[in-house]
Amino acid sequence: MRSLSEMKGNILKLLWDIESPVNLREISEKTGLENRSANMHLLGLKRAGYVSALEGGRYTITELGREILGFPKVDENMARRVLTKTSMDRAFHFYTGIGQRLEVHSDNLVDFCDKIKTVDIESVQFHATRGDFELWVHFLGDIELAKRLRLLREANLSGETLRERLCKTLKSRCDELLRKIA
């Protein structure tokens with residue numbers, strides 16, 4: 001794996017963290033770089049295949065860029081492994097507190113994404129603050145999604161704001177994984 005300068009690494013992490021295309025001005029503002037300097041770093045990242053330039057002067061991280069950040073390649077095998085149903089003993093069981101089990105469980109990531117939309121918000125908050133979601137997703141084999149869920153936990157969100165961000169993050173990842181096996 002090639003080594004990146006600290007600033008190029010910061011730009012890649014920024015693009016990964018934002019999860020949507022970003023323009024040069026936003027990259028400059030968030031990294032503290034002048035436009036010209038940010039543009040030069042972006043050109044180098046683009047040339048290396050770590051960044052993709054989209055219409056309207058927006059940039060996004062590529063699969064190769066994710067790999068250079070240390071995330072495993074998302075291929076058909078990985079997608080199938082993460083999306084495959086688990087046994088009931090390995091399913092995610094929702095609780096609202098210690099010993100307060102709901103009769104709701106998920107045995108795969110797509111079902112989990114659907115259940116997060118409707119399960120009791122108390123359960124969502126209970127599991128999010130404990131890191132349970134990221135641990136289960138890591139167990140499924142999706143290290144990158146687990147890290148995204150950890151970042152949501154560390155943002156100390158609560159209530160419907162937490163649910164909305166979880167749903168958006170989970171749906172985006174499920175869609176990406178489903179495209180790999182389609």
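**Strands and helices: questions and answers**

Visitor: Which residue in E3 stands opposite Ser52?

Guide: This is a predicted model, where local features need pLDDT of at least 70, side-chain atom pairs count only at pLDDT 80 or more, and totals for chains, interfaces and linings use all residues. Residues are numbered from 1 along each chain as its sequence is written, and side-chain values use heavy atoms, leaving out hydrogens and water. Strands (E, at least two residues) and helices (H or I, at least four) are DSSP runs, numbered from the N terminus. Opposite Ser52 in E3 stands Thr60.

Visitor: How many bridges join E2 to E3?

Guide: Two strands pair if DSSP finds at least two bridges between them. E2 covers residues 51-54 and runs antiparallel to E3. The bridges joining them number four.

Visitor: Which residue in the turn between E2 and E3 has a positive phi?

Guide: E2 and E3 form a hairpin, with three residues between them. The phi in question is about 80 degrees. The residue is Gly56.

Visitor: Which residue of E3 does Val22 stand opposite?

Guide: E1 covers residues 22-23. Two bridges join E1 to E3, and the strands run antiparallel. Val22 stands opposite Tyr59.

Visitor: Are H8 and H9 roughly parallel or roughly antiparallel?

Guide: H8 (residues 132-140) and H9 (residues 143-154) pack at about 175 degrees, with axes 8 Å apart. Axes are lines fitted to C-alpha atoms over the stretch in contact, and angles run from 0 to 180 degrees between N-to-C directions. Angles under 35 degrees count as roughly parallel, over 145 as roughly antiparallel, 65 to 115 as roughly perpendicular and the rest as oblique. H8 and H9 are therefore roughly antiparallel.
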